[in-house]
Amino acid sequence: MGDRWHIEVDRSVCIGSGMCVSHAPDGFALDSARQSHPQTADTDANEQLLAAAENCPVEAIAIRVLESGEPVFPPED
């Protein structure tokens, strides 16, 4: 069984570029204020979600392993 992730978007940082939606259309949506939010906060790990986080121009997306809280993105130094 694969990892489960917890996805968060820091809406105070999000600029509404839509990059997350382009990389993971089933994972993210923009609301009427053009702020991103995850479609499901707790979900199975997948490459599209990771690509969305990695390509966010302001790094507003954080991904953690649901069970342990270990960061997936951004990685800890």
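Let's start at cysteine 56, whose sulfur has its closest cysteine sulfur in cysteine 14, 6.5 Å away, which is too far for a bond. Since this is a predicted model, that distance is a computed one. A disulfide would need the two sulfur atoms within 2.5 Å, so cysteine 56 does not form one with cysteine 14 at 6.5 Å. Cysteine 56 is also buried, at a relative accessible area of 14%. Cysteine 20 tells a similar story: cysteine 14 again holds the closest cysteine sulfur, here 6.4 Å away and too far for a bond. Cysteine 20 is buried as well, with a relative accessible area of 8%. Over the structure, the disulfide count is zero.

From here we can move to the nonpolar core. The largest one has 16 residues, and those touching the most other members are Trp5, Ile7, Val9, Phe28, Leu49, Ile61 and Ile63. Three elements each supply two or more residues to this core: strand S1 (4–9), helix H2 (47–55) and strand S5 (61–65). Of these, H2 gives the most, with four residues.

Isoleucine 7 is a good place to look around inside the core. Leaving aside residues up to four places away in sequence, isoleucine 7 touches Phe28, Leu49, Ile61 and Ile63, along with Pro38, Thr40, Ala41, Thr43 and Ala62.

Now follow the chain into H2, where Leu49, Leu50, Ala52 and Ala53 are buried. If you look down the axis of H2, its buried residues fall within an arc of 155 degrees, so they line one face of the helix. The cover over those buried residues includes S1, S5, helix H1 (19–23), strand S2 (28–30), strand S4 (42–44) and strand S6 (71–73). At its N-terminal end, H2 is capped by asparagine 46, which places a side-chain oxygen 2.9 Å from the backbone nitrogen of glutamine 48.

Next come the charged pairs. Side chains of opposite charge can pair when their charged atoms come close. The model has two salt bridges. One joins arginine 4 to aspartate 44, with the closest N and O atoms 2.9 Å apart. That pair links distant parts of the chain, since arginine 4 sits in strand S1 and aspartate 44 in strand S4, 40 residues apart. Both ends are partly exposed: arginine 4 has a relative accessible area of 34%, and aspartate 44 comes to 46%.

The other salt bridge brings together the side chains of arginine 11 and aspartate 31, at 2.5 Å from N to O. Here the pair connects the loop between S1 and H1, home of arginine 11, to the loop between S2 and strand S3 (36–38), where aspartate 31 lies 20 residues away in the chain. Arginine 11 is partly exposed at 39% relative accessibility, and aspartate 31 is partly exposed at 25%.

Let's finish with serine 17, found in the loop between S1 and H1. Serine 17 counts as partly exposed, at 40% relative accessibility. Setting aside residues up to four places away in sequence, serine 17 touches Arg34 and Pro57. Its side chain also reaches the backbone nitrogen of methionine 19, at 3.3 Å. For a sense of span, the C-alpha atoms of serine 17 and valine 65 are separated by 25 Å, with their positions 48 residues apart along the chain.

Note on methods:
Residues are numbered from 1 along each chain as its sequence is written. This is a predicted model: local features need pLDDT of at least 70, side-chain atom pairs count only at pLDDT 80 or more; totals for chains, interfaces and linings use all residues. Side-chain values use heavy atoms; hydrogens and water are left out. A nonpolar core is a set of buried Ala, Val, Leu, Ile, Met, Phe, Trp, Tyr and Cys residues joined through side-chain atoms within 4.5 Å. Buried means under 20% relative accessible area, exposed over 50%, partly exposed in between (1.4 Å probe, protein chains only). Contact means heavy atoms within 4.5 Å. The arc is that of the directions from the helix axis to the C-beta atoms. A polar contact is a pair of N or O atoms within 3.5 Å; within protein, one must be able to donate a hydrogen and the other to accept it, and residues adjacent in sequence count only if both atoms are side-chain atoms. A salt bridge is a side-chain nitrogen of Lys or Arg within 4 Å of a carboxyl oxygen of Asp or Glu.
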